[in-house]
Amino acid sequence: TNVDQSFNVLPAALTVTPDNTNRAYGAVNPALTGSLSGIQYGGAPLRGTRLGNTTLKPEMTSETEFGLDLRFLNDRLSVGVTQYVNKTTDALLNVTVAPTSGYTSQTANAAKLENTGTELQVMAEWLRIEPFSWNTTINWSKNKNLVTDLAGVSVITLSGFVGSTSSAILNQPVGILYGTRWARNADQSLKFDANGFPQIDATSGVLGDPNPDWRAGFINTLRYERLALNVVLDIKKGGKVWNGTKGALYSYGTHADMDMWSTISAAQAAALKNWAGKTPSSVIAGSTTQKRYYTNSDGTVSFRGKIGNFGAGDVILDEDWYRNGLANGFNGPTEQFVEDAGYVRLREVSLSYSMPLHFLGMQNLTVSVTGRNLALWTDYTGNDPETNLTGTSNGIGIDYFNNPTTKSWTISLQIDY
């Protein structure tokens with residue numbers, strides 16, 4: 001048996017790359033914005049809200065990279081590993097400016113960033129028995145980034161809302177989720193009010209990292225004569241998303257979680273309190289027109305909601321807690337709607353057939369059927385953990401009534417001349 005085992009060690013590479021993507025901003029007069037908007041008032045120009053900047057410089061990125069390429073069994077198995085470190089200076093970000101300037105933001109060289117990561121690729125030809133073959137490619141990557149300087153400020157908002165933002169924060173990963181949170185004791189246990197309900201903290205804080213722990217992709221290709229089947233599977237481990245859609249629907253009472261109805265005993269109705277500090281019995285006795293609690297013929301009380309326990313004893317979680325209390329995305333802390341956004345997605349399945357075609361200079365004809373985003377497995381309770389409110393941008397991990405990733409089927413015909 002001939003076994004060919006070889007390996008190559010790729011030399012370390014150091015590159016310094018200027019990023020001139022936003023060079024045009026430097027030519028803008030500081031008294032003007034980078035563009036005029038014509039969407040208002042029937043197409044009349046309207047001055048934008050971003051202040052120009054004549055002192056902008058290109059981003060500069062330096063990278064050191066080490067690689068290893070291993071090949072075995074006459075190239076039927078290959079393993080490639082890359083380790084890299086890159087540092088970016090003068091990163092371009094939109095920063096907030098004083099409203100008295102007449103603007104709200106300005107693009108500036110506002111940050112220094114550092115990325116370290118590992119990339120792994122394994123390619124294997126598992127089977128080669130004519131006319132059948134089976135090939136697999138596995139890609140795995142892990143990247144950790146850090147904001148190492150913010151030009152004297154501690155937080156720059158990249159996207160999001162007042163209560164929940166994707167931000168650049170000193171000594172945190174880029175895009176970190178930042179917002180309102182539950183008040184906690186020194187041991188991180190929740191602080192409770194006199195009625196046993198958690199309280200909102202007076203200050204905002206870091207809520208989670210939207211960047212994944214790692215990503216992986218599996219590509220399997222099976223061929224039989226002229227027929228080929230290609231299956232692509234994507235995996236994302238970790239990463240957080242703020243489910244703002246869920247928070248809003250909790251307030252409206254239209255989320256599926258709000259489809260609940262509970263019945264409690266007369267003793268519970270007289271003892272348990274809601275977030276306003278009132279028992280169901282006292283609410284019923286105090287008003288003949290209230291429609292929150294209903295007394296049944298056997299003395300029990302029914303209501304829309306449930307009994308909950310945050311750690312200080314049982315409490316009534318009624319409609320008012322979700323609509324006007326701290327259980328929704330408008331009044332309550334952002335923290336409660338931050339979820340894990342890991343997933344496994346069947347990214348693509350493609351079936352194709354090729355045949356020779358010798359007509360009018362044509363050489364080959366390939367017919368294929370391709371389905372994309374056909375299945376998703378995730379613990380995320382929103383419609384899609386992969387979407388982002390601001391699309392492809394520095395700000396990530398924000399879901400607020402976003403559209404899910406499109407599922408599609410395509411049929412294609414390819415002719416080679």
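**Exercise 1. Find the strand that holds V367, and decide whether this residue is buried, partly exposed or exposed.**

Solution. Start with the location: V367 sits in strand β23. Keep in mind that this is a predicted model. Next, look at the accessibility: V367 has a relative accessible area of 35%. Now compare that with the cut-offs: buried means under 20%, exposed means over 50%, and partly exposed is in between. V367 is therefore partly exposed.

**Exercise 2. Work out which nonpolar surface patch V367 belongs to, and which strand gives the most to this patch.**

Solution. First list the members: V367 is joined by V369, W409, I411, L413, I415 and Y417. Together they have about 790 Å² of accessible area. Then turn to the strands: β23 (362–378) and β25 (408–416) each supply at least two residues of the patch. Finally, pick the main contributor: β25 gives the most, with four residues.

**Exercise 3. Stay in β23 and decide whether N373 is buried or exposed, then find what N373 touches.**

Solution. Begin with the position: N373 is also part of strand β23. Its relative accessibility is 8%, and the cut-off for buried is under 20%. N373 therefore counts as buried. Now search for its contacts, leaving aside residues up to four places away in sequence: N373 touches R345, L346, R347, T405, T406 and K407. As a last step, check a residue from another part of the sequence: V232 is 141 residues away along the chain, yet the C-alpha atoms of N373 and V232 are separated by 9.7 Å.

**Exercise 4. Describe the open sheet that contains β9, giving its strand order and its edge strands.**

Solution. Read the order: four strands run β9-β10-β11-β12, with antiparallel pairing. Look for strands that pair on one side only, and you reach the edges, β9 (155–160) and β12 (205–208). Neighbouring strands here are turned by 50° against each other on average, direction ignored. Zoom in on one pair: β9 and β10 (residues 164–169) are antiparallel over five bridges. Within this pairing, G160 stands opposite T165 in β10. A helpful reminder: strands of a sheet pair through backbone hydrogen bonds.

**Exercise 5. Sum up the whole chain: how many helices and strands are there, and what share of residues is buried?**

Solution. Count the elements: the chain has four helices and 25 strands. Then take burial: 36% of the 417 residues count as buried. For the surface, about 23,200 Å² is exposed, and carbon and sulfur atoms supply 55% of that. Lastly, consider contacts between residues at least 6 apart in sequence: 63% of them join residues at least 24 apart.

Technical notes:
Residues numbered from 1 in each chain as written. Predicted model: local features only at pLDDT ≥ 70, side-chain atom pairs only at ≥ 80, totals over all residues. Heavy atoms only, no water. Pairing = 2+ DSSP bridges. Axes fitted to C-alpha atoms, helices over the stretch in contact; angles between N-to-C directions. Patch = residues over 30% accessible without salt bridge, like charges linked within 9 Å, V, L, I, M, F, W, Y side chains within 5 Å. Areas by Shrake-Rupley, 256 points an atom, 1.4 Å probe, with all protein chains shown as cover. Salt bridge = Lys/Arg side-chain N within 4 Å of Asp/Glu carboxyl O. Buried < 20%, exposed > 50% of the residue type's maximum accessible area, 1.4 Å probe, protein only. Contact = heavy atoms within 4.5 Å.
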